[in-house]
Amino acid sequence: MALDAATLALVANELNSTLLDAKIDKIFEPTRDEVLMTLRTRTQTFKLLLSARSGSARVCLTKESFENPLTPPGFCMLLRKHINGGKILSITQPGLERILHFHIEHLNEMGDVCEKILIVELMGKHSNIIFCKEDKTIIDSIKHVSSMMSSVREVLSGRVYCIPATQEDKLNPLEVTEEVFMESVMKKPVS
């Protein structure tokens, strides 16, 4: 079952209450579309699965064990280099989209505190895991999208991340008032 935006909002809320200030202990890439992170809080250890598989894109805590490749893939090595030992500051969902932003604080090579964003887009065959700088410049992604593949947006290193096209007049049911909601429903023509 695909995650809808409302369910993902509940997942984000649960992950925020569980993983806030958790330290990233280990990072694996068991398959080419999945990232598994072992996270430690003061009292517990969690395994967080980020999946960009077209048929089963999801973000969830798991107890399942995965067999990891002997040589870690490039994306996994990049994540290890930048955010291994980092701390999860927050998990946000822009608007009511099927996207989660993991804000991670870590120390760079010089020992300075930096922030990176791990973006998980859960959109069926267009699902992706994108790793960005704090200013949303893409460092890398688990699936690269060039201009030959999509005329809408590129997901490549060095490009600025932009959210996929959304409906302009979409209301967020978690933020809208009852009056605005009723007005919106009443003005729509009945088919």
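Throughout this tour a residue is called buried when its relative accessible area is under 20%, exposed when that area is over 50%, and partly exposed in between, with a 1.4 Å probe and protein chains only. The model on screen is predicted, and for that reason local features need pLDDT of at least 70 and side-chain atom pairs count only at pLDDT 80 or more, while totals for chains, interfaces and linings use all residues. Residues are numbered from 1 along each chain as its sequence is written, and side-chain values use heavy atoms, with hydrogens and water left out.

**Stop one: the salt bridges**

Begin by selecting Arg 32, which is exposed, at a relative accessible area of 66%. Add Asp 33 to the selection: Arg 32 and Asp 33 form a salt bridge in which the closest N and O atoms are 3.9 Å apart, the term standing for a side-chain nitrogen of Lys or Arg within 4 Å of a carboxyl oxygen of Asp or Glu. Asp 33, in contrast to its exposed partner, counts as buried at 11% relative accessibility. As general background, side chains of opposite charge can pair when their charged atoms come close.

Next, select Glu 34 and Arg 53, whose closest N and O atoms lie 3.8 Å apart in another salt bridge. This pair links distant parts of the chain, 19 residues apart, with Glu 34 in strand S2 (residues 34-40) and Arg 53 in the loop between strand S3 (45-51) and strand S4 (58-62); helices (H or I, at least four residues) and strands (E, at least two) are DSSP runs, numbered from the N terminus. Glu 34 is buried, with 3% relative accessibility, whereas Arg 53 is partly exposed at 36%.

Then move to Glu 154 and Arg 159, where the side chains meet in a salt bridge with an N to O distance of 2.4 Å. Glu 154 is partly exposed with a relative accessible area of 23%, and Arg 159 is likewise partly exposed, at 38%. A search of the whole structure finds six salt bridges, and the three pairs visited here are among them.

**Stop two: the largest pocket**

Select His 126, Val 145, Ser 150, Arg 153 and Val 155, which, of the 16 residues that line the largest pocket, lie nearest its centre. A pocket here is defined on a 1 Å grid over the protein atoms alone, as an open set of points where a 1.4 Å probe fits, with protein on both sides within 12 Å along at least five of seven lines, and lining residues have an atom within 4 Å of a point. The volume of the largest pocket is about 350 Å³, where a volume is the space filled by probe spheres set on grid points that are joined across faces, edges and corners. Sorted by class, the lining has seven nonpolar, five polar and four charged residues.

**Stop three: a nonpolar patch**

Now select Phe 181, Met 182, Val 185 and Met 186, which form a nonpolar patch on the surface and together have about 400 Å² of accessible area. Within this group, Met 182 lies in helix H3 (residues 178-187) and is partly exposed, with a relative accessible area of 38%.

**Stop four: positive phi angles**

Most residues other than glycine have a negative phi. Select Asp 21, in the loop between helix H1 (5-19) and strand S1 (23-28), where phi is positive and near 70°; Asp 21 is partly exposed, with a relative accessible area of 48%. Lys 136, in the loop between strand S8 (128-133) and strand S9 (138-141), also has a positive phi, about 70°, although it is not a glycine, and Lys 136 is partly exposed at 29%.

**Stop five: distances along the chain**

Finally, draw C-alpha to C-alpha distances. Lys 63, in the loop between S4 and helix H2 (74-83), is exposed, with a relative accessible area of 81%, and the C-alpha atoms of Lys 63 and Gly 74 are separated by 25 Å, with the two residues 11 apart along the chain. Ile 24, in strand S1, is buried at 0%, and it is 43 residues from Glu 67 in sequence and 19 Å from Glu 67 in space, C-alpha to C-alpha. Ile 88, in strand S5 (residues 87-92), is also buried, with a relative accessible area of 0%, and the C-alpha atoms of Ile 88 and Glu 178, 90 residues apart along the chain, are separated by 34 Å.

How values were computed
Patches are made of residues with over 30% relative accessible area and no salt bridge: like charges are joined within 9 Å, nonpolar side chains (Val, Leu, Ile, Met, Phe, Trp, Tyr) within 5 Å. Accessible areas come from the Shrake-Rupley method with a 1.4 Å probe; for residues, only the protein chains shown count as cover. Ala, Val, Leu, Ile, Met, Phe, Trp, Tyr, Cys and Pro count as nonpolar, Asp, Glu, Lys and Arg as charged, and the others, Gly among them, as polar.
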